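Subject: Structure handover

Hello,

Here is the structure you asked for. Please open it next to this message while you read.

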Amino acid sequence: MLFPTLTFGVFFLIVLSFTWALDRENGRRKLLLLIASYVFYGWWDWRFCGLLAASSIFNWAMGRMIGSMRESALRALLIFLAILINLGVLGFFKYYGFFIENLALALGQLGWERDLPLLQIILPVGISFYTFQGISYIIDIKRGEADHRAGLVDAMLYISFFPQLVAGPIVRARDFLPQLDSAPVLTRPAISLGLLLILWGLFKKTVIASELATGLVDPVFYTPGDFGGIDRLFAVYGYAVQIYCDFSAYSDIAIGCAALLGYRFNRNFDQPYRARSFQDFWRRWHISLSTWLRDYLYKPLGGSRGGNASTGRNLMITMLLGGLWHGAAWTFLAWGFIHGLALLTERAMGLARSGRSVISLVVTFHIVCLAWVLFRAPDFLTAWTYLTDWSQIGEPVRRLTPLLAGLTVLGLGLHALPARGIETAARLMARLRSPTIALITASAFILIDALRQPGVAPFIYFQF
Amino acid sequence: MSDDPHRDDLFDPSEDEIDHHRARLWLSHIVVITVVLVAAFNPVSLERWAASNPPSWGVETVRLTVRVWTDRMQLAGLNTPRDWITARWNALKSVRWEDLEQDDSAGEAEATETPPPPAQG
Amino acid sequence: MGEFPRLAARLAVAFCAAGLMSFASLASDTADESAPAELEVHRIGVFGDSLADGLWVGLQRGLRRDPRAGEIIQLSEVSTGLTNYVYRDISEKTRDQLALDDYDTAVVMFGSNDIQGIRTDRGVFRFRSASWEAVYRERIRDIITQLQADGSEVIWVGLPVMRSEGYDDNTVYLNGIFREEVEALGGTFVSTRAASADETGAYAPYLPDSQGNPRLVRADDGIHFTLGGYTRIAAPVVDAIQYAWDNPAPPEPALAEAGTGGRQIPADWLDLSLNGQAYICQPVDVDDTPLVARAAD
């Protein structure tokens, strides 16, 4: 089920009703949420429920063992194995095809053609997210930050909780498991926040992001050489807005749904295009991923504790893997490389520490946009054509319309709003009576439905 | 969750158990009224959802029921606000740069013409 | 040291990085031949469902170097088909689309969402039943007639090989219907089965590209394609389109009017039908010479 569909809406309402009916019975409540999460996941493809369950049970069992052991070589081995198996599963499903294709390419060029096992491995939805959560579970237990005695239901629910299962945010074991110890308590401000986040997320996704994608970004990125300068420039800005709205919308809806069910997830985006340096950017963009990489990859590698050379190496490895995590393609790796290079350069020149001006904001934004071209383009040739093929640069505007330009400006303009505007609005809303809120909510739903495009955009080309 | 002070207070549970029940009641009122309002003022989305599924006894039952509901709501004119918004939005989508360059009155006339079908990309 | 040199350095580094990364897959970009003045430019409209969406991209790439190809307009919509007219009435939609614009060539690709019953006033016809097929054929004819009446050359693209056997079986059945109806009305039917299958004709997620390297062409659902896959199945369609441009159909000979026995009637005479009987009439003179009407032979 995709979030912005009626099917999910009905599903969520049913789950919401039953969950709060089971109010004080925490055990049954968690079991209900677990079953609901598997129904949600099974809706995509029932065959992968088995994999999800196996991954969750495996991580729980390993966590039990590791948590009850003392510091020893065997314990270290078990931790290593657990992480390896999680990554192995992710690696197989996500990167097998990429690996085989490139191996075939390489062998072909060397003249050593082989009959390689060309399998079409179907990517289980959300595997990037739930394997990372599994690894978080193991490592948080190892560090003593999470309780290894957590029950099986708790652990399984942590890994497969439906709001964050498919598109994040990547929730940490130490943040979520304690919340499962007792039945949550509702507060009106939290409910208001949840409602606002869901509505705002739906608007960003179905109105801003979809419109920009279908009207401007997709057509220009298919054949960039055919388009003029203005179309191409606005397609890049448009994509920056689209990917921000798309991603942050899913996170917002996830956080909102969790809030309505009584659980708290951390913010995942914080007006990222306001960043005045790359270091700042990664504190604002996909926060759950960047903190995960920082805590579980960068710091264990040594972080910035070693000399400049080792810091640089650690940073680059982290960014390259972060890039590759987004998808099995060289362009994602290149995107990670650009960000890594930018971070390294910042560090080397001490830019992050010096006073940052609006110029830094503009420059950071544009380098981020340059990297987005690589992220979005299906291959290097398209990205190269996009950036360097000036033969049609004088072409008149074909795709950009006043509305699309307006949406791009709006998307960027959102970053000028007060950073904690939604919280303030939630506090205000909490004081209103329920019919008033219902009127606001209903109007918002009707508005969103009136503006959105009919049908759901197909995942033709990329899927996280 | 401690690194987000702006949100902390929103989730702070009240000491009083009664507040939790009141909040729950408040939420259930909101949900019920919202569902009724949306069903009344935007029934066409339900109908479209039912229509998009392959026909079977269950789907057709839902669809035809929703169809009757939609007809009645439309008769009462409840779909007018939504349709008006969609029409204005489509008009806005079909505005081109050339239209803006002309003077306001001519631009208005263009914007209210039947818009071309949106280029589905 | 000012901000600008540092920032310039960062930009330069970033551009160099992008350049280095693209080294492996650079291909020389030959300049488009400018279209000779006398070449006719054709507008192409792509109608259909989500597969047509992808076909549209494939056609854009395939026809890039052809100066006769004008704009290729995407008119397709996901989740549509010729069975579910309750969700989207394709006949009505096509009528609306044709009212707004004309297309020299119409590329049509439906069917992947048509493996379901048809809802009509008389009830729901089960997929593949006789009544279902009758309605379906009627709808195909309706679309083609509309397009041809608008002056478009119809190129109907068949469904590719599918991973699921049952689904594939149904697509073969649908392709059979498409082929019959399209060719009966003078359109061109293009099969994509060969382009989407391996040498044995079976479903293949990896197919060799132009250099012989295996590339992933199908999406996870076993129905849709990757970008490279769409370019691949667009190839036979491009061939068919270009063939049609190279060999335009001769103008239809003027059909003999009913009742004139094959003779040409003068342009200012009227060809009427009164009470089911065909007449040809000479127009009345200005001085009121009575109309000479005689029954046509």
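Below is what was found, taken chain by chain.

One caveat before the details: this is a predicted model.

**Chain A overall**

Chain A is helical, with 19 helices and 0 strands. Its radius of gyration is 23 Å, close to the 23 Å that the globule rule gives for 464 residues, so chain A is as compact as a globular protein of that length. Along the principal axes, the C-alpha atoms of chain A fill a box of roughly 65 × 60 × 50 Å. Of its 464 residues, 48% count as buried. Take the contacts in chain A with a separation of 6 or more: 75% of them join residues 24 or more positions apart.

**Domains of chain A**

The domain assignment splits chain A in two. Domain 1 covers 6-184, and domain 2 is made of 189-276 + 356-451. Their centres, taken over C-alpha atoms, are 28 Å apart. Domain 1 of chain A puts 12 residues into the contact, and domain 2 of chain A puts in 13 residues. On the domain 1 side, α1 and α7 (162-165) of chain A each supply at least two residues. The largest share there, 3 residues, comes from α1(A). By class, this side of domain 1 has 7 nonpolar, 4 polar and 1 charged.

**A covered helix in chain A**

Look at helix α6 (residues 152-160) of chain A. How many of its 9 residues are buried? The count is 7, so the helix is mostly covered. The buried ones are A:D154, A:A155, A:M156, A:L157, A:Y158, A:I159 and A:S160. They pack against five helices of chain A: α2 (26-44), α3 (49-68), α5 (127-142), α7 and α8 (173-176). Note that α7(A) also appears on the domain 1 side that touches domain 2 of chain A.

**The contact between chains A and B**

This contact takes 39 residues from chain A and 40 residues from chain B. On the chain A side, the elements that give two or more residues are α1 (6-21), α9 (188-222), α17 (402-413), α18 (421-429) and α19 (434-451). Which one gives the largest share? That is α19(A), with 12 residues. The chain A side has 24 nonpolar, 7 polar and 8 charged residues. Helix α1(A) is worth a second look: it gives residues to the side that touches chain B, and it also gives residues to the side of domain 1 that touches domain 2 of chain A.

**One residue in α17(A)**

A:G411 lies in helix α17 of chain A. Is A:G411 buried or exposed? The cut-off for buried is 20 or more other C-beta atoms within 10 Å. A:G411 has 21 C-beta neighbours inside 10 Å, so it counts as buried. Leaving aside neighbours within four places in sequence, A:G411 is in contact with A:I208, A:V241, A:Y244 and A:C245. A:A209 is 202 residues away from A:G411 along the chain, yet their C-alpha atoms are separated by 9.0 Å.

**Chain B**

Chain B is divided into domain 1 (16-78) and domain 2 (79-121). In the contact between them, 7 residues of domain 1 of chain B meet 4 residues of domain 2 of chain B. The domain 1 side has 4 nonpolar, 3 polar and no charged residues.

**Strands of chain C**

Start with β1 (residues 42-48) and β2 (residues 69-74) of chain C. They pair in the parallel sense over 4 bridges. C:H42 stands opposite C:A69 in β2(C). The chain crosses from β1(C) to β2(C) through helix α2 (residues 50-62) of chain C, and this β-α-β crossover is right-handed.

Next is strand β6 (residues 153-157) of chain C. All 5 of its 5 residues are buried. C:E153, C:I155 and C:V157 lie on one side, C:V154 and C:W156 on the other, and both faces are covered. Strand β3 (residues 105-109) of chain C runs parallel to β6(C), joined by 4 bridges. Strand β7 (residues 188-190) of chain C also runs parallel to β6(C), joined by 3 bridges.

C:W156 links to both of these partners. C:V108 stands opposite C:W156, and in β7(C) the bridge partner of C:W156 is C:F189. Finally, β6(C), helix α5 (residues 165-184) of chain C and β7(C) make a right-handed β-α-β unit.

Best wishes

Terms used
Residues are numbered from 1 along each chain as its sequence is written. Chains are lettered from A and ligands numbered from 1 in the order in which they are written. This is a predicted model: local features need pLDDT of at least 70, side-chain atom pairs count only at pLDDT 80 or more; totals for chains, interfaces and linings use all residues. Two residues are in contact if their C-beta atoms, placed from the backbone, lie within 7 Å. Ala, Val, Leu, Ile, Met, Phe, Trp, Tyr, Cys and Pro count as nonpolar, Asp, Glu, Lys and Arg as charged, and the others, Gly among them, as polar. Two strands pair if DSSP finds at least two bridges between them. A crossover is right-handed if, with the strands pointing away from the viewer, the path from the first strand over the helix to the second runs clockwise. The radius of gyration is taken over C-alpha atoms; the globule rule is 2.2 Å times the number of residues to the power 0.38. A residue is buried if 20 or more other C-beta atoms lie within 10 Å of its own, exposed if 12 or fewer, and partly exposed in between; C-beta atoms are placed from the backbone. Domain bounds come from an automatic or database domain assignment.
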